[in-house]
Amino acid sequence: MKLVTAVIKPFKVDDVKVALKEAGITGMTITEVKGFGRQGGHTETYRGTEYQVDFLPKVKIEAIVDDGDVSSVVDAIAAAANTDKIGDGKVWVTSVDELVRIRTGETGSAAI
Amino acid sequence: MVLFMTPGLALFYGGMDRSRNVLNMFMMNFWCLLVVPLVWVIAGFSLAYSGSGTFIGNLDWTLLSGLGIDAAEAGGDGGKLLLACIFLGMFAVITPALISGAVADRMKFSAWAIFVPAWILLVYCPVSYWIYGGVWGDGLTGWLGVRGSLDFAGGTVIHVNAGIAALAAVLVLGKRKGWPREGHPPHSMPLVMLGTGILWFGWFGFNAGSAFDANGVAIQAFMNTFIAAAAAGLAWAIVERIRDGHFTNLGVASGIVAGLVAITPGAGYVSGMSPIWIGLAAGIICSFAVQLKFKGKFDDSLDVVGVHFMGGLIGSLMIGLFADPEFFGGTFAAGLFNGGGFGLLVEQMLANAVTIVFSFAMTTLILLAIKATIGVRVTEEEEESGLDLTQHAESAYNIGEVTMGRG
């Protein structure tokens with residue numbers, strides 16, 4: 001089992017959700033997060049004073065998938081979240097040791 | 001209507017404040033609504049208006065004595081004086097509230113609680129008397145009023161007075177932690193815009209009502225308030241578009257308030273296109289004046305000095321240019337541009353200079369006295385956790401599903 005995590009532009013959430021459903025994903029978790037990468041932040045001006053905002057709003061998506069589905073899921077996210085502009089975000093994959101479905105007590109791949 | 005300005009001001013300031021201090025800002029404003037009316041009827045109104053002295057009123061109207069509702073034929077005034085007392089009481093409420101914007105984020109609430117009534121009695125009442133004293137008796141006797149100084153609805157008495165007091169307060173308190181390196185941007189611009197709208201609405205009552213009658217002067221004051229605010233908001237927005245690249249909401253809000261402040265002293269003295277010139281001047285000058293705090297290194301949190309002091313001063317001095325007694329059929333002096341020479345301008349300068357010196361000195365003394373006894377500033381730790389929680393044990397925004405147990 002793998003945990004696929006992606007940080008993407010907030011307005012791309014719906015596109016990614018649709019793409020993941022089409023790829024056969026049955027569940028995902030999203031979190032509103034802030035951060036910066038190469039894009040850097042932006043500036044806001046109040047009464048003539050400029051403020052630098054380093055952390056930009058992004059959305060973090062997490063989904064646990066079977067080993068065999070990893071590449072299709074990663075590809076689906078990368079394709080759906082791409083705008084060709086700086087700040088599109090990243091996708092990464094980490095290993096998951098254990099998984100339990102709370103309601104039934106199922107474990108491992110059966111709980112995905 | 002004028003009462004509605006104080007919560008309006010709380011929204012205007014509160015939105016500009018950071019989310020952890022917004023309730024403290026509201027409470028500082030509402031505190032004025034609790035304390036000032038009582039101080040006002042006990043002694044404030046009497047000290048600010050009664051008798052025939054030169055510098056301060058007597059105690060004839062303390063505890064509302066002498067303010068009856070007898071009809072005119074019975075020798076009374078049908079409650080006119082009582083009405084003046086309540087209307088002017090609203091002005092007394094909002095004046096110290098203006099100062100709260102400058103001391104935001106760091107003043108101990110207990111210190112503010114004591115400061116407000118002390119300031120009303122020791123600063124607001126005397127300055128008010130100098131300009132308006134005797135006006136509800138047998139005619140003006142306050143020394144500045146007798147000299148011919150004009151202040152229709154409180155440019156000098158309210159805005160210059162509170163603005164310079166704000167500067168004194170900022171200097172006694174010291175700057176906020178991290179200022180100016182750390183930015184303190186507004187936490188909710190929609191609140192600021194709503195507050196601005198409420199202020200504008202209330203200001204019609206403030207300025208037009210200062211005619212104390214439903215007459216032509218009130219109508220002209222209404223018109224002046226309408227167009228000066230619009231001109232100032234537009235001017236500030238255009239300055240920002242040219243200087244910084246965008247029309248900003250905060251620029252529009254600040255400009256509107258600067259225009260309202262600037263037209264206050266002249267609302268019942270100027271006519272025609274004059275209010276537009278006053279509004280444009282206020283919008284442009286104040287949009288640069290708010291930057292002075294960075295050069296002068298005084299941490300005026302929400303620009304009370306840049307907007308209220310400067311706006312009030314500009315408006316008051318411009319009466320010296322534009323006062324138009326012919327239009328109003330009034331007995332006051334004409335401004336420079338209406339053939340009145342420099343006389344009125346000099347009087348306006350004198351009245352403002354005296355107010356600035358007195359208010360600055362007296363406010364400093366009051367705050368130093370509070371500082372020496374209970375202290376004026378919260379601890380560094382309280383400042384960091386926010387004043388809502390440390391001064392009032394409340395949070396402005398309880399967002400999310402985390403529950404609170406009954407402690």
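In this predicted model, the largest nonpolar core comprises 132 residues. Ala166(B), Ala169(B), Ala232(B) and Ala282(B) have the most contacts inside this core. Helix α2 of chain B, residues 22-49, gives the most to the core, with 15 residues. Apart from this core lies another, of 14 residues. Its members include Ile61(A), Ala63(A), Ala76(A) and Ile77(A). In soluble globular proteins, nonpolar side chains tend to be buried together.

The contacts of Ala169(B) were examined with residues up to four places away in sequence left out. Ala169(B) then touches Ile99(B), Ala102(B) and Val103(B). Thr363(B) and Leu367(B) are also touched by Ala169(B).

Helix α4 of chain B spans residues 109-132 and bends by about 40° at Trp119(B). Most of α4(B) is covered, as 17 of its 24 residues are buried. Gly134(B) follows α4(B) and has a positive phi, near 90°.

The loop between α3 (80-99) and α4 of chain B holds Asp105(B). Asp105(B) has a positive phi, near 80°, and is a residue other than glycine. Asp105(B) is buried because 22 other C-beta atoms lie within 10 Å, and 20 or more suffice for that class. A second aspartate, Asp84(A), also has a positive phi, near 70°. Asp84(A) sits in the loop between α2 (70-81) and β6 (89-95) of chain A. Asp84(A) is exposed because it has 5 other C-beta atoms within 10 Å, where the limit for exposure is 12 or fewer. Most residues other than glycine have a negative phi, and most peptide bonds are trans.

A cis peptide bond joins Trp179(B) to Pro180(B), with omega about 0°. Pro180(B) lies in the loop between α6 (155-173) and α7 (189-209) of chain B.

Between the chains, 6 residues of chain A are in contact with 15 residues of chain B. On the side of chain A that touches chain B, strand β3 (residues 42-46) gives the most, with 3 residues. This side of chain A divides into 2 nonpolar, 2 polar and 2 charged residues.

Strand β4 of chain A, residues 49-53, contains Glu50(A). Glu50(A) counts as exposed because it has 10 C-beta neighbours inside 10 Å. Beyond its neighbours within four places in sequence, Glu50(A) is in contact with Thr43(A) and Thr45(A).

Conventions:
Residues are numbered from 1 along each chain as its sequence is written. Chains are lettered from A and ligands numbered from 1 in the order in which they are written. Two residues are in contact if their C-beta atoms, placed from the backbone, lie within 7 Å. Helices (H or I, at least four residues) and strands (E, at least two) are DSSP runs, numbered from the N terminus. Ala, Val, Leu, Ile, Met, Phe, Trp, Tyr, Cys and Pro count as nonpolar, Asp, Glu, Lys and Arg as charged, and the others, Gly among them, as polar. The bend at a residue is the angle between axes fitted to the seven residues ending there and the seven starting there. A nonpolar core is a set of buried Ala, Val, Leu, Ile, Met, Phe, Trp, Tyr and Cys residues joined through C-beta atoms within 7 Å.
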